[in-house]
Structures are given as C-alpha cells and as structure tokens.
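Thanks for coming, everyone. Please pull the structure up on your own screens, and I'll talk you through it.

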Amino acid sequence: MTNALSLEGVHTHVGPYHILHGVDLHVPAGQVTMLLGRNGAGKTSTLRTVMGLWPASAGVLRFKGQAITAMTTPEIARLGIAYVPETMGIFSELTVRDHLVLGARAARRAEDLDRTRLDWLFGLFPALHKFWLHPAGKLSGGQKQMLAIARALIAPCELLLVDEPSKGLAPAMVMKLIEAFTELKRQRCTVLMVEQNLAMAKALGDRVAVMDNGRIVHTGAMAELADDEVLQQRLLGLSLGVAA
Amino acid sequence: MLNRLLSHDLPRSRWLAAALLLIAAALLLAPFLFHGAKALNVAAKVLVFILLVASYDLLLGYAGIVSFAHTMFFGIGAYGVAIACARAGSGVGWGHVALGLGGALALSLLLSLVIGLFSLRVKAIFFAMITLAVASAFQTLASQLSELTGGEDGLSYKVPALLSPSYEPFDAPAFGLMIDGKVIAYYGLFVVVALGFLALLRVVNSPFGRVLQAIRENDFRAEAIGYRVVVWRTLANVLAAAVATAAGALLALWLRYTGPDTTLSFEVMLDILLIVVIGGMGTLYGAVLGAALFVLAQNYLQDLLALGARALEGVPVLSALVSPDRWLFWLGLGFVLCVYHFPSGVVGRLRAKPGRPAASE
Amino acid sequence: MTDSPLPTGSLPTHPGEVALPGARFDARPLWLLAALVLLAFPLIGNGASWLTLTAAGLAMGLIVFIMASGLTLVFGLMDVLNFGHGVFIAAGAFVGTSVLAGMAGWVGSASALQNLGAVALAMLAAMAVAAALGAAFERVIVRPVYGQHLKQILITMGGMTVGEELIKLIWGPQQLPMPMPEALRGAVLVPWFGGEAAAVEKYRLFAVVLGLAVFAGLLWLLNRTKLGLLVRAGVQDREMVEALGYRVRRLFVGVFVAGSALAGLGGVLWGLYQQSVVPQIGAQLNTLLFIVIIMGGLGSTLGCFVGALAVGLMANYTGFLAPKLALFSNIGLMVAVLLWRPQGLYPVR
C-alpha cells in the first residue's frame, strides 16, 4: 500500500516556539487516518505544516512521493490537497454559492460547477441548496461546517485534511458528517482527520496516529486501538468506548 | 559611577562609545572649535533634535506607538515661547518665557491625554493615521490664526537679555572666543539637553520603561497580566509630548524665530522618522548618532552636492541628479536603503561588530 | 447515489422564501449621507446654491473615491500600508499636463470630440504611467518589507519622497497649469424652483459621470467576476484563499497596479478640477485619502465610496457655510464616524 502523504522527522517553529519535534507520519492512500491526541499536542500544527501555512524548519514532507517541503500553500493545494481548518475558513460576506465556486478552481461561475458532485453535496447537506444565495455569515455553526466540507469536496481531491469537523456540532449534525465521510471512504479518497470526538474517530478511522508534545507516540490500525482499553487510557487519558 | 549616570544602559560597543564621545566632545566644545554662526547653528540644531528624537524613540522604539503628531507638540512648545516673547515686546524677561512654556506644556498635556485615551477605541494603524490628520489640522490652524502666530511668516521676537547676542559679560575673549549671549544660550541648551537625555535614559531603564516594552511585545498578554495598557500608553504619550514641547521651547529661544516650517511641517516629522530609523529605534543612543548624522547631512550635503555638480557639469542626466536642489532625493534614497540594510539602525550595526566588551547580547 | 443530473436552471436564483434574521444590507451609512445632503439645504438657504455645492461636493468626492479605491483594497487584501500612494496621483497628474500640453491644438479647438479626445488620451497615458510606476514600486519598495507594518510606513514614505523629487527633476518644481478644454468649460444652468437657475459646472458633471462609471465598474468586477470574488475573499481571509489553491500574491500585484492606475486617473481629474498641479499634490492628498479609507473601513469599496462622498460634500458645504472650519471638517467627520463605528462604516473583518 502506497503512502499518499508521509512526514519524516518534521520540525516546525512558530516564532520562538518549537511546536513539532520530529514528526514521523505515514498516511496510506485510500484510507482514513485519524490524528488523535490531547489539546496542544500538535495536531493542528501538523496539518498546517502539511499545507505550507507554517513552513517546516526541518525534515521532509512528501505527497505521493514528491517532496512538498518547500512549496507554497497554493502550489500544495493545486497538487490535489484540500484543507478544512478548525476555524472553518468561512467568508462571512460571501454566499454559499460563492464558496463553492471558490472551491472549484476551474469554475468561473456557478454554472461551471460539476452538476453530479453538486447534487451529491445537496443530497448530503440540503441546507446548502436552501441557503444558496445567503451570506455564509448568517448560517449556523453546523451549517458553516457543512459548507466548509462541501467546499473542499466540490472538486475532486486526492487528499483531504480535516481539522475537528465535529467541534461544537449537535449530535444529529455529527451523524450527517459521519454519513458524508463514509461516502468518501467508499470513493477511496485519502483522509487525514484530526478529531476529538472519539465515537466519530472509531466509526470512520481505518488507521490511527496519536500525538503528544509535538511527536507521534503511536501508530497502528484503529481496530487495534479500539480493542485495547489500557492503551487508550495511556495515550488519551480516556477510553474510546465512552460515547463522547 | 558612569554606570549609574547612564542608568546601567551602556553603549555596549567600543565603536558606539567612541562615536558618542566624539559627538559629545564636539558639541561641548563647538563654540571654541568651530567659528562662524552657521557652525554654531548646526550644533544647536543637533542638540535640539537629540532631545526631540529621543522623546520620539521613547514613544516608537520603547512603547511601540507610531504617532505622527510629535511635531505638533514640538510646535506647541516653540509657539508657546514665541508668542509669549513676541507679546512682551522689548522687555522680555524670564517670566514671559516661563509663562509661554507653562502654557505650552499645559496644552500639550491636554492634547496628548486626549489622543492617548482615544487610542482605546481604535487599532494601532488607525491611530497612526489619525495622528497624521490631527497634526495636519493643527498646522493649518496655526497658519490660520495669523494674528497670534504670524501665519506663514512666523514670529520674530526678542529673548531674555542673558541669551541675546549683544550681551557680553566679559571684556576679554576666553580661549579665543568672545563670550556673548549666544554662547551662553548654547551652553544652556547643552545642559538642558544633556540632563533631559539622561533623564529619558533613566525612564526607559526603569520599571516603567520595562512595562512599556512588554506592552510593545505583546499588549494582549500585558493586559492579561494586569497592566492596563491604555493607561501606560497614555503616560508614554504624555511624557514624550512633554519632552517634545520642551525641545520646541529650546529651539524657539535659540532661533529667536518660530514659523510653521521650522516646527510644524510634515518635513520635520519625516526628519524625525529618518533620524530614529537611521540611528536605531529603541536605543536612545540612536537619537544622538542619527541627529548628528542627519543635521550634518542636511546642512553640508548640499555643499557636497554642489561640488559634485560642478564636477559633473555638462553630463546630461547626472548633473541634474547631483544638483544641490536634489539633496532630498539622495536623502530619501539613503533612507530607503537604510530601512533595508540597517534594520536596527547604525547603533544596531555598531553593536553587532566585534569589539563588544561583554559576550552576551 | 443518484446519477441523474439536475435539470438546468434548478439552481436557486433568488434568496427565496427563507428569511434569515438580519440578512439585510446595512444601509444606515447611506441614509446618513442622504441626511447630510438634505440637512445642508436649510442651512444654505438658497436652493440654487445648494445644488451647485452638492454637485461640486459629489464631483470632488467621486474623484477622491477613484484615488482611494486602490489604496483600501491594497490594505484589505495584503495588510500593506502604502503611505506613498500619493506618488501615483502626482505622476498621473503630471503626465496629464504633458499630454494636454502636447495636444494643445485639440484642447483649444472648438470641436467637443477633439476636446474629449485629448482628455481621454491624457487619462489613458496617466493610467499607463501610473500603472508602470505601481508595478515598479511594488517590486522594489513594498515586496521586501511585506508583513512589517512600521517598515512599510517608513519605506513607502521614503519612496514617495524619492518619486516626488524625480517629478521635480523631470517637470521642474513649480506649479504647472492644466488647461481645461473648451467643451468642459463653463456651467450648465439648471432651472430651479422659484425661477432662479443653479449653475452647475460642466466639468463637475463630467467628473460625476466618470466617477459613477468607475464605481459601477468596480462593483461589477468585484461582485460578478471570479477575480472580484477572489479579491473579496482574500480581503477577509487571505490564508484560506491560498489554501484553496489561488496565488494571492499575484492577485495582490494586480490589485496594486490597478490601484495605482486609478490613482493616476484621479490625478488627472484632480488636476483639471484645480486647473493646476504641483509636485506636492501627492503628499497633500495622502492625508485626505487616509481619512477617507479609515472612515469607510479598511478594505471596503462601498465604505470608501460613502466616505469619499461624505468628505467631498462636507468640504464644499463647510467651505460655503463656515470657511474657517472647512479644513477641520474632514477630521471632525472622521472622529464622529469612528466614535460611532470604530472599525469604519463598513468593517470588512
């Protein structure tokens, strides 16, 4: 199985702070890898480094074998990597339609969007159709999250980086998200997801990597971790069996 | 002892210390070393600018506040003294000077308080632009109230007898120089500027100065720790304004003339910025070095350019560029290059050279 | 998953039945502008004078808007404080004088077509030169200090000083006249109630029409094209736009150059408005432009528009009603607006 994404000994400094201390991570293609860990472990920093928002100060990042360590953020995105940040990156003044047009680099207007994909997204997130021309700033938290994800999915992507998609969402919304990502899994899209919601992690993850203090402290199959309560306690301080 | 005098803020570089000593010596002995009115004028201007720019460095380099209203306070000090002396006619006494200075300080206090408190509501960038607008408004006001301020022409007036050029207390020259009111005025200026500079040095190295620097680095955190950022910033604003006002009063007393172009114009604000950047922000010594370099350049660069123009006479484009009228072009160019290559100013550059007494920095 | 494509035209075209709370356009600043215009009427007393002053104010405001629009977008998009924007205005104005001087024949002729042709040529030349200057300025002066606000302020000011000196070098330090072509001279008499007629200068009408055209063009560009979409998104969250795969740096250079070209156009218009130009006009107008974009909200085109109109109208009304106060009217207006909305009329972020 090839790795869609691999990080080798990646360090990141932000100003005077040394945030990632030699991260070694391999994300196999076509699978969902969950990135878990306590708050401040460096999960978001890892995603940002992959996207080039924070340059790696040491180490190598590869995407499909190609080194992307020194590339700029737009160049990285153009390789087929989509990013849904923790803060969602919603433009409050722009409409839902505008967001999707932005998500599809080749599209100049809404009419240029891939209709099949659009229908699929409308089916997953009906709110998008309902609020098509409304400014995104007026949507609820959950709807914004759906919009952010839809924007990442409107164009085909090879690797999807998602940062805490379920944060602050009601359980019903979380179910919707699981449905969406399950479909993605079916389409063999590679996903690297940071999640605190352990139920979601367990439901979606094929592989898991756990971070602590800017390092990866455990990698393996999700099924293994899910069965090993002792390991769960040690790594995360609580067990995956508890509904979050 | 030197340590205490300089408030433990040593030059930390042999080169810098040497340069500072050279400048201090030259300024101290200027009336004896350089003859002619122009040379003394240049020295006096250097002194005034040292004080003015040092106060601006307090604001910009230590407190991290970008303000374009500094020339306004400079002008208030100058005009305060000027108006008081002009009103007094020929019988100008120290009482008038005190009145003028007092009034100017009161006005500066009020304005700097208002400006400082207004910074509560707006972001730093807004603040900078607002001070720009306020300063230009004040400049317009000064030229409009021409009965009071002399408008575009400015005010000429007499100064207290002790300082006037015709006052000659001694019959014989001392060390080749005839002591007159001008010389007395010069040394008065020197003493006040020296004391003022040392006082500022004391301030920036005190707990007050450290809090300002903390706020400059991270105002959010400073507020979180418990320092009311607005209060401290306003205090810095007020202090800087007061010193600038004093500097203005000094200039007024020296020149016996005050006009919008000597104090309030935007050119003066640019000069201050140039000096503080070229000298080195956040060092105070940068003001000394920068002021000396700048005033010398301003006065003698044109002569230098004139020489160059004569040499290049006939060469089409170059001769026009090297003409003495274009000195601002070269200064501007030098300024741009300085901002690139000397990000920490001349002082920073000197401190980075080997020859530092201590290994830490 | 269903494979049947949606029938064409099934994308919603109207915001529709669902009323979201507070999804209204914020028109309060516009109402205030209208209120200002209406309030001036009783204060001025004379209807004809009011019309003349209002036209003058709108013309001035729109010229200022043209000059300031580039500046606010440049700041909004890349957080770049260009304190040297005035140099593009000055360059445009002076290029304009040269062109008009060179085409003196057309300028002085009786044919309106030739008159307008000369003016159009002057404007195009000014825009081209200002754009080129803008590209050079961005590359040499702005790009190296990206991200450092203080240095940007200082270095752009330095750049403007150097530019001003170069202008003095080429055109000389004195004031140059900017001759108004025949077709734009004089005034149009607008009949008013009570029998008297208001005199509205033809040039002011021209400026108003041109200004509105530029505004409309900018709005179309910003709201109906993908490029405009990128600019609007970039102003809000530049990082996210880059993460979506767009090269925002290139976009920025384009916006900077376009803004400089507009400033050059504004320079020609301003020069004609004053009928003369001096090398210092860049520095003189700089302060005014900053007042306008702060009032409007840094990064907002609509805010810049309203702010510029407010400034233009205020300057003309107070110039008539209380001339001594006229020069403070701008600052007073800015302070008043900031006390109401500290982030400007239409805050972007």
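Let's start with A:Lys64. Is A:Lys64 buried, exposed or partly exposed? There are 16 other C-beta atoms within 10 Å of A:Lys64, so it is partly exposed. A residue needs 20 or more to be called buried, and 12 or fewer to be called exposed. Bear in mind that this is a predicted model.

Where is A:Lys64? Look in the loop between strand 4 (56-63) and strand 5 (66-67) of chain A. Its phi is near 50°, a positive value in a residue other than glycine. For background, most residues other than glycine have a negative phi.

Now compare A:Met88. Phi of A:Met88 is near 75°, again positive and again in a residue other than glycine. A:Met88 also sits in a loop, between strand 6 (81-84) and helix 3 (96-103) of chain A. But A:Met88 has 21 C-beta neighbours inside 10 Å, so it counts as buried.

One more positive phi, this time in a hairpin. Strand 9 and strand 10 of chain A form that hairpin, with 2 residues between them. A:Asn213 is in the turn, and its phi is about 50°. Strand 9 (residues 207-212) and strand 10 (residues 215-221) of chain A run antiparallel, joined by 6 bridges. To find the pairing on screen, look for A:Met211, which stands opposite A:Ile216 in strand 10 of chain A.

Next stop, strand 8 of chain A. How many of its residues are buried? The strand covers residues 190-194, and 5 of its 5 residues are buried. Side chains in a regular strand alternate between the two faces of the sheet. Here, A:Thr190, A:Leu192 and A:Val194 point one way. A:Val191 and A:Met193 point the other way. Both sets are buried.

Which strands pair with strand 8 of chain A? Strand 3 (residues 32-37) of chain A is one partner, running parallel to strand 8 of chain A, with 4 bridges. Strand 7 (residues 159-163) of chain A is another, also parallel, with 5 bridges. A:Leu192 makes a good landmark. A:Thr33 stands opposite A:Leu192. A:Leu161 stands opposite A:Leu192 too.

There is a helix to add. Helix 7 (residues 171-186) of chain A joins strand 7 and strand 8 of chain A in a β-α-β unit. That unit is right-handed.

Zoom out to the whole of chain A. Chain A is divided into domain 1 (1-80 + 159-168 + 189-244) and domain 2 (87-156). Their C-alpha centres lie 26 Å apart.

That brings us to the core. In soluble globular proteins, nonpolar side chains tend to be buried together. The largest nonpolar core here has 309 residues. Which of them touch the most other members? They are B:Ile50, B:Val53, B:Val81 and B:Ala291. The largest share of this core comes from helix 2 (residues 47-78) of chain C, with 21 residues. Domain 1 and domain 2 of chain A both give residues to this core, so it lies between them.

Take B:Val53 as an example. Set aside its neighbours within four places in sequence. B:Val53 is then in contact with B:Ile272, B:Ile275, B:Val276, B:Ala287, B:Gly290 and B:Ala291.

Now the chains against each other. 2 pairs of chains touch, and chains A and C have the most contacts. No contact joins chain A and chain B. The closest C-alpha atoms of chains A and B lie 13 Å apart.

Chain C does touch chain B. That contact takes 28 residues from chain C and 29 residues from chain B. On the side of chain C that touches chain B, helix 6 (149-171), helix 11 (281-296) and helix 13 (326-340) of chain C each give two or more residues. Helix 6 of chain C gives the most, with 13 residues.

Last topic, confidence. For the complex, the predictor gives an ipTM of 0.91 and a pTM of 0.81. Chain C has a mean pLDDT of 85, and 92% of its residues reach 70 or more. Within chain C, confidence is highest in helix 9 (residues 238-243), at 94. It is lowest in strand 2 (residues 187-191) of chain C, at a mean of 80. Over residues 1-9 of chain C, pLDDT is below 50, and this stretch has 7 contacts beyond near neighbours in sequence. Residues 19-23 of chain C are also below 50, with 6 such contacts.

Notes: Residues numbered from 1 in each chain as written. Chains lettered and ligands numbered in written order. Pairing = 2+ DSSP bridges. Right-handed = clockwise from strand over helix to strand, strands pointing away. pLDDT = per-residue confidence, 0-100. Core = buried A, V, L, I, M, F, W, Y, C linked by C-beta atoms within 7 Å. Domains from an automatic or database assignment.
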